[in-house]
Amino acid sequence: MSDKKKMQLGMNPSTASHRLVKDTLWRLIQQTDQAACVKCGDDMTRETFSIEHLEPWLDSEDPKALYFNQENIGFSHLKCN
């Protein structure tokens, strides 16, 4: 790990990367009007959203394909997922 990166970011670079990805994804969710939970329908926040598989992939006929299928992805509250 780069101490220089950690010092300048004020956190572990992997933590910063995770935060950047989550912030970017949340911005895109808002821009595409997908901020309502696919499970309960209530509005989510940046802190409460998660990636949701619409059809369960575990033990499916082709788990890997269903897991990565973008048409099988929605967004839900962490508590609803």
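**Exercise 1. The pocket lining**

Sort the lining of the largest pocket by class: how many residues are nonpolar, polar and charged?

Solution. Six are nonpolar, two are polar and none is charged. Here Ala, Val, Leu, Ile, Met, Phe, Trp, Tyr, Cys and Pro count as nonpolar, Asp, Glu, Lys and Arg as charged, and the others, Gly among them, as polar.

The model is predicted: local features need pLDDT of at least 70, side-chain atom pairs need 80 or more, and totals for chains, interfaces and linings use all residues. Residues are numbered from 1 along each chain as its sequence is written, and side-chain values use heavy atoms, without hydrogens and water.

Step 1: name the lining. The residues are L25, I51, H53, Y67, F68, Q70, I73 and F75. A pocket is an open set of points on a 1 Å grid over the protein atoms alone, where a 1.4 Å probe fits, with protein on both sides within 12 Å along at least five of seven lines; a lining residue has an atom within 4 Å of a point.

Step 2: find the elements. Strand 1 (49–53), helix 3 (63–68) and strand 2 (73–77) each give at least two lining residues. Helices (H or I, at least four residues) and strands (E, at least two) are DSSP runs, numbered from the N terminus.

Step 3: give the volume. The largest pocket holds about 200 Å³, the space filled by probe spheres set on its points.

**Exercise 2. The aromatic pairs**

Which ring pairs link distant parts of the chain, and how are F49 and F75 placed?

Solution. Step 1: count. The whole structure has four aromatic pairs. Rings of Phe, Tyr and Trp (its six-membered ring) pair if their centres lie within 6.5 Å; planes under 30 degrees apart are stacked, over 60 edge-to-face, the rest tilted.

Step 2: take F49 and F75. Their rings are edge-to-face, 6.4 Å centre to centre, with 70° between the planes. F49 is in strand 1 and F75 in strand 2, 26 residues apart, so the pair links distant parts of the chain. Both F49 and F75 are buried (under 20% relative accessible area; exposed is over 50%, partly exposed in between, with a 1.4 Å probe and protein chains only).

Step 3: take W57 and Y67. This pair is also edge-to-face: 5.0 Å centre to centre and 85° between the planes. It too links distant parts of the chain, with W57 in the loop between strand 1 and helix 3, Y67 in helix 3, and the two positions 10 residues apart. W57 is partly exposed because its relative accessibility is 28%. Y67 is partly exposed at 35%.

Step 4: look around F49. Ring pairs join W26, F49 and F75 into a cluster. The charged end of K22 sits over the ring of F49, 4.6 Å from its centre (NZ of Lys or CZ of Arg within 6 Å of the ring centre and within 35 degrees of the ring normal).

**Exercise 3. Side chains and their partners**

What do the side chains of N72, H77 and N12 reach?

Solution. Step 1: N72. It lies in the loop between helix 3 and strand 2. N72 is buried, because its relative accessibility is 5%. Its side chain reaches the backbone oxygen of L66 at 3.3 Å. A polar contact is a pair of N or O atoms within 3.5 Å; within protein, one must be able to donate a hydrogen and the other to accept it, and residues adjacent in sequence count only if both atoms are side-chain atoms.

Step 2: H77. This residue of strand 2 is buried at 7%. Its side chain reaches the backbone oxygen of D43 at 3.0 Å.

Step 3: N12. It sits in the loop between helix 1 (3–9) and helix 2. N12 is partly exposed at 25%. A polar contact of 2.8 Å joins its side chain to that of S14.

**Exercise 4. Positive phi**

Where do D33 and D59 lie, and are they buried or exposed?

Solution. Step 1: know the background. Most residues other than glycine have a negative phi.

Step 2: D33. Its phi is positive, about 55°, although D33 is not a glycine. D33 lies in the loop between helix 2 (13–31) and strand 1. It is exposed at 70%.

Step 3: D59. Its phi is positive too, about 65°, and D59 is not a glycine. D59 lies in the loop between strand 1 and helix 3. It is exposed at 74%.
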